[in-house]
Amino acid sequence: MLQQLENLSAFIGNTPLISLRNTDTPLWAKLEYNNFSGSSKDRAGYSIIYNGIKAGHINQDTTIIASSSGNLAIAVASICKMLDLKFIPVIDPNINAAYENLLNLLAYKVVKITERDHTGGYLLTRIDTVNKMHATINNSFIADQYGDPNNYKGYYGLTNEILACPKPIDYIFVAVSSSGAITGISKSIKEKRPDIKIVGVDVEGSVIFNAPPVKRYISGIGASQVPPIIKNALIDDVVILSQTDIIKGCLELLNEQVIFAGASSGAVYLAAKNYFKDISYTTTPNSLLIFPDKGHSYLDTIYNKEWATQLANKLESASIAQ
């Protein structure tokens with residue numbers, strides 16, 4: 001299995017780096033959606049499974065289980081399909097229809113929970129379900145994107161790709177969810193360039209940076225718990241966006257850069273565009289933005305005007321009720 005994975009490694013990483021146009025400060029975008037299964041989570045999924053096999057925790061009869069309604073599930077499902085391993089993702093109602101359909105094609109079985117946790121999200125219920133399954137399924141392995149250090153170590157390879165940017169980078173903007181990307185990038189890059197500032201971008205209602213929990217409707221960014229691995233991250237600043245701001249960022253990214261990308265990409269784009277407006281600088285800063293995935297899986301949500309209007313009304317009603 002390790003040899004099969006090593007053959008796959010040629011299709012993970014070395015993603016395109018492009019310069020964005022007509023921005024107040026130079027912005028560079030790392031197009032991570034060009035990875036094998038379509039997202040940056042291929043780096044995490046590959047690292048977790050590869051090291052699980054290498055450590056003897058995964059063999060040909062192992063059942064892999066993961067809490068994910070997004071790109072990690074697609075990445076692990078694709079890898080497991082290639083290796084003929086059983087994979088069971090635990091998903092929730094916030095998953096988009098395209099991903100759910102794809103997981104039903106790739107995975108051995110899909111478990112969908114419907115009960116919200118005490119924060120108003122689904123993450124804690126998903127994790128609890130995964131732990132119960134792990135306790136009852138013989139020879140099972142949790143692809144734990146929240147606690148397994150092999151998640152963030154999978155992003156170490158990005159450092160050299162980022163430092164290969166034609167202009168020296170001063171800031172890196174990374175959206176947070178399971179926090180593997182921001183932990184791996186920040187920990188690795190600061191060993192070589194400690195002066196580079198890492199800016200985490202999160203959504204209102206996520207508790208990652210100790211904000212109060214609020215019901216969230218946009219997938220792919222934020223979390224209902226503080227991921228244990230983020231304690232290893234070296235983050236210089238944080239930008240928190242509202243859910244409607246993230247929709248605005250995605251639409252601006254599409255209309256201004258003709259990049260059709262997911263929620264995290266829209267969030268970091270909006271955050272980076274506005275970040276320097278109130279900051280004085282002597283040398284114009286160069287920023288690099290991580291764009292994790294494409295926008296196809298958000299067609300029914302972020303890119304759907306009716307859905308966006310309903311979301312705005314829900315959030316307004318919730319705000320008035322408070």
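User: What makes up the secondary structure of the protein chain?

Analyst: The protein chain holds 11 helices and 10 strands. The model is a predicted one.

User: How do you know that the radius of gyration agrees with a compact globule?

Analyst: For 322 residues, the globule rule gives a radius of gyration near 20 Å, and the protein chain has 19 Å, so the two agree. The C-alpha trace spans about 60 × 50 × 35 Å along its principal axes. Of the 322 residues, 56% count as buried. Among contacts with a separation of 6 or more, 69% join residues 24 or more positions apart.

User: Why is C80 called buried or exposed, and what about C250?

Analyst: Buried means under 20% relative accessible area. C80 has 1%, so C80 counts as buried. C250 has 0% and therefore counts as buried too.

User: How many disulfides are found in the whole structure?

Analyst: The search finds 0 disulfides. To count, two cysteine sulfur atoms would have to lie within 2.5 Å.

User: Why is the pair F276 and Y281 called stacked, tilted or edge-to-face?

Analyst: The search of the whole structure finds 10 aromatic pairs. In the pair of F276 and Y281, the ring centres are 6.3 Å apart and the planes stand at 90°. The limits are 6.5 Å between centres for a pair and over 60 degrees between planes for edge-to-face. Both are met, so the pair is edge-to-face.

User: What makes F276 and Y281 fall into their accessibility classes?

Analyst: F276 has a relative accessible area of 6%, which is under the 20% cut-off, so F276 is buried. Y281 has 37%, between 20% and 50%, and therefore counts as partly exposed. F276 and Y281 belong to one aromatic cluster with Y171, F173 and Y275.

User: How do you know that K294 lies over the face of Y33?

Analyst: K294 is at 4.6 Å from the ring centre of Y33. The distance limit is 6 Å, with a further limit of 35 degrees from the ring normal. K294 is listed as lying over the face of Y33.

User: How do you know that the reach of helix 9 is close to the expected one?

Analyst: Helix 9 (residues 243-257) has 15 residues, and its first and last C-alpha are 21 Å apart, close to the 21 Å expected at 1.5 Å a residue. Its buried residues are Q243, I246, I247, G249, C250, E252, L253 and Q257. V258 follows helix 9 and has a positive phi, near 55°.

User: What makes helix 10 mostly covered?

Analyst: In helix 10, 11 of the 13 residues are buried. Among them are A263, V268, Y269, L270 and Y275. The buried residues pack against strand 2 (27-31), strand 7, strand 8 (197-203), strand 9 (237-241), helix 9 and strand 10. Helix 10 (residues 263-275) reaches 18 Å from its first C-alpha to its last, close to the 18 Å expected.

User: Why is S179 called buried or exposed, and what does S179 touch?

Analyst: S179 has a relative accessible area of 3%, which is under 20%, so S179 is buried. S179 is in the loop between strand 7 (171-175) and helix 8 (180-192). Leaving out residues up to four places away in sequence, S179 touches I208, P227, I229 and I230.

User: What makes N304 fall into its accessibility class?

Analyst: At 25%, N304 lies between 20% and 50%, so N304 counts as partly exposed. N304 sits in the loop between strand 10 (287-291) and helix 11 (305-321). The C-alpha atoms of N304 and I247 are 9.8 Å apart, while the two residues are 57 apart in sequence.

Note on methods: Residues numbered from 1 in each chain as written. Predicted model: local features only at pLDDT ≥ 70, side-chain atom pairs only at ≥ 80, totals over all residues. Heavy atoms only, no water. Buried < 20%, exposed > 50% of the residue type's maximum accessible area, 1.4 Å probe, protein only. Phe/Tyr/Trp six-rings, centres within 6.5 Å; stacked < 30°, edge-to-face > 60°. Helix = DSSP H or I, 4+ residues; strand = E, 2+ residues; numbered from the N terminus. Expected span 1.5 Å × (residues − 1). Rg over C-alpha atoms; globule rule 2.2 N^0.38 Å. Contact = heavy atoms within 4.5 Å.
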